[in-house]
Protein chains: 2
Amino acid sequence: MSDLSAVKALVFDVFGTVVDWRTSLITDFMWWGKQRGITADWPALVDGWRGMYMASMDDVRKHPERGYVMLDDLHRRSLEKLVDQFAIKGLTEADLDYLTKGWHRLHPWPDSVAGLTRLKSKFVISPLSNGNVALLTNMAKFAGLPWDLILSAELFEHYKPDPETYLGAARLLCLEPEEVMMVAAHNGDLAAAQKNGLRTAFVARPTEYGPLQKVDFEATGNWDIVARDFGGIADKLGC
Amino acid sequence: MSDLSAVKALVFDVFGTVVDWRTSLITDFMWWGKQRGITADWPALVDGWRGMYMASMDDVRKHPERGYVMLDDLHRRSLEKLVDQFAIKGLTEADLDYLTKGWHRLHPWPDSVAGLTRLKSKFVISPLSNGNVALLTNMAKFAGLPWDLILSAELFEHYKPDPETYLGAARLLCLEPEEVMMVAAHNGDLAAAQKNGLRTAFVARPTEYGPLQKVDFEATGNWDIVARDFGGIADKLGC
């Protein structure tokens with residue numbers, strides 16, 4: 001493990017690293033569909049939705065002339081396509097809004113809240129997520145995530161892994177990149193953070209994608225910390 | 001009282017409204033000066049420092065071509081002038097940094113933390129301060145302020161009372177201006193918030209400026225809520 005005594009803030013990937021989006025959305029939508037009398041293959045819809053995530057952000061990245069589009073709006077556009085594709089009938093505007101805001105109602109992994117609470121005692125802790133500010137704020141209240149502040153791709157008008165996000169977080173915290181540690185369950189996110197001078201911590205979330213998971217079962221880079229869960233990161237950082 | 005049922009988030013002025021900057025800085029600097037063997041008229045320095053606050057932000061406002069300058073840097077520039085003016089000798093770079101960061105170590109008014117904690121149970125709560133993000137984050141950890149997120153003039157590159165700050169806060173929260181309530185001890189701040197469509201709540205902080213206080217002893221506008229303290233706002237909002 002590198003010398004981490006300079007680290008003052010920990011910033012976290014959120015979807016998959018802090019919260020279990022797949023189980024949360026499937027459970028929420030199955031329950032809701034039953035109440036609303038809407039039948040659909042919810043697991044397939046949720047997997048399809050996440051499948052469109054990278055491409056939707058790439059589209060923003062490739063078309064700066066159209067301006068930045070926040071994640072709630074990307075989620076809504078992708079949902080509309082999926083509703084057509086899955087031929088789900090009878091959804092009102094309020095229903096589409098409810099489903100889109102499912103991403104605001106995600107549950108944490110079992111170790112997340114306790115681990116964050118320990119880390120908060122010694123470090124500034126914040127999301128550094130592609131979720132927009134309102135999404136991350138609402139999620140924190142729903143899931144009890146004890147963030148010190150909310151850092152979002154929206155503040156930099158750039159999605160991860162663009163350098164503006166990692167460097168923007170350090171800038172707003174008035175810290176050098178090496179005083180900030182990125183925590184993620186995704187090796188790609190950590191590789192980008194490391195390239196920009198941040199410290200890195202990996203936790204595996206091998207059930208994030210359910211049966212569809214293909215990558216990120218283990219650390220594949222030279223990360224500063226590799227831990228089983230957030231409690232393990234707290235142990236290694238002396239919290 | 002107006003119909004406030006649409007309000008979803010409360011944003012707070014911080015210096016003077018949430019924290020007692022004057023007593024905090026004077027106490028901190030007197031203690032520190034004694035340890036460091038530095039003699040100065042600390043109350044006069046603190047009052048002089050705050051006296052330069054408005055002009056320093058006006059200078060940023062009048063010179064957009066120079067780019068936005070965050071409050072920590074304005075505080076530092078003003079401090080350097082005061083150190084000359086008061087002929088304080090023997091300050092190192094570390095001393096100037098310590099004094100500047102005095103603004104990160106401010107104590108809350110006695111009702112602030114309990115009132116914010118009540119309000120947080122029903123509303124999103126955030127600073128909407130001219131302090132920069134790192135200053136407000138460090139202050140929250142120091143003073144135990146339970147913010148849901150940190151909204152700062154720095155995010156909008158405009159100081160209050162510029163409209164970009166009030167409207168920018170509503171935008172990041174994905175709320176309409178009338179769904180956001182500005183809380184302040186300063187009638188001028190509330191007037192600007194109201195002009196931009198926000199709801200308003202006033203609390204008097206009659207000792208903010210010590211013996212120098214000249215204004216804001218009472219509400220002078222048509223505010224949605226006027227309360228004795230944050231507990232009074234929580235009472236009126238049913239928290």
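This passage describes how the two chains of a predicted model meet, how the domains of chain A pack, and how selected residues are placed.

The interface between the chains is a good place to begin. Chain B and chain A each bring 19 residues to the contact, and together they bury about 1500 Å², with 67% of that area on carbon and sulfur atoms. Eight residue pairs are in polar contact between chain B and chain A, both partners being at pLDDT 80 or more. On the side of chain B that touches chain A, the elements that give two or more residues are α7 (133-143) and α8 (153-156) of chain B. Of these, α7(B) gives the most, with five residues. By class, this side of chain B holds twelve nonpolar, three polar and four charged residues.

Two salt bridges cross the interface of chain B and chain A. In one, K141(B) pairs with D148(A), with the closest N and O atoms 2.6 Å apart. A salt bridge also links D148(B) and K141(A), again with a closest N to O distance of 2.6 Å. Here D148(B) sits in the loop between α7 and β3 (151-152) of chain B while K141(A) belongs to helix α7 of chain A, so the pair joins two chains. The two partners can be described by their accessibility: D148(B) is buried, at a relative accessible area of 8%, whereas K141(A) is partly exposed, at 32%.

L172(A) adds a nonpolar view of the contact between the chains. This residue lies in helix α9 (residues 163-172) of chain A and is buried, with a relative accessible area of 3%. Beyond its neighbours within four places in sequence, L172(A) touches L151(A), L155(A) and F156(A) in chain A, and V133(B), A134(B), E154(B) and L155(B) in chain B. L172(A) and L151(A) are separated by 21 residues in sequence, and their C-alpha atoms are 8.9 Å apart.

Within chain A, the domain assignment gives domain 1 (9-20 + 107-236) and domain 2 (21-104). The C-alpha centres of these domains of chain A are 23 Å apart, and their contact takes 26 residues from domain 1 and 19 residues from domain 2. The two domains of chain A bury about 1900 Å² between them, 54% of it on carbon and sulfur atoms. F15(A), D20(A) and Y159(A) supply 35% of the area that domain 1 of chain A buries against domain 2 of chain A, more than any other three residues.

Polar links also run between the domains of chain A, where two salt bridges and 15 residue pairs in polar contact (both at pLDDT 80 or more) are found. On the side of domain 1 of chain A that touches domain 2 of chain A, α7 (133-143) and α8 (153-156) of chain A are the elements that give two or more residues. The largest share, five residues, comes from α7(A). This side of domain 1 of chain A divides into twelve nonpolar, eight polar and six charged residues. Elsewhere in the description of chain A, E208(A) and R50(A) form a salt bridge with an N to O distance of 4.0 Å.

T17(A) offers a closer look at a loop, the one between β1 (9-12) and α1 (21-36) of chain A. With 0% relative accessibility, T17(A) counts as buried. The side chain of T17(A) makes a polar contact of 2.6 Å with that of D13(A) and reaches the backbone nitrogen of A185(A) at 2.9 Å. Other contacts of T17(A), outside four places in sequence, include W109(A), S112(A), H186(A), R205(A) and F230(A). D13(A) is in turn linked with K160(A) and D189(A) in a network of salt bridges.

The structure holds 36 salt bridges over all chains, and two within chain B are described here. E179(B) and K8(B) meet at 3.0 Å, N to O. This pair links distant parts of the chain, 171 residues apart, with E179(B) in the loop between α9 (163-172) and β4 (180-184) and K8(B) in the segment before β1 (9-12) of chain B. E179(B) is buried, at 17%, while K8(B) is partly exposed, at 43%. The side chains of D28(B) and R105(B) form a salt bridge at 2.9 Å, N to O. D28(B) is in helix α1 and R105(B) in the loop between α5 and α6 (112-120) of chain B, so the pair ties together parts 77 residues apart in sequence.

Methods. Residues numbered from 1 in each chain as written. Chains lettered and ligands numbered in written order. Predicted model: local features only at pLDDT ≥ 70, side-chain atom pairs only at ≥ 80, totals over all residues. Heavy atoms only, no water. Contact = heavy atoms within 4.5 Å. Buried area = accessible area lost by both parts, 1.4 Å probe. Polar contact = N/O pair within 3.5 Å; in protein donor to acceptor, adjacent residues only side chain to side chain. Helix = DSSP H or I, 4+ residues; strand = E, 2+ residues; numbered from the N terminus. Nonpolar A, V, L, I, M, F, W, Y, C, P; charged D, E, K, R; others polar. Domains from an automatic or database assignment. Buried < 20%, exposed > 50% of the residue type's maximum accessible area, 1.4 Å probe, protein only.
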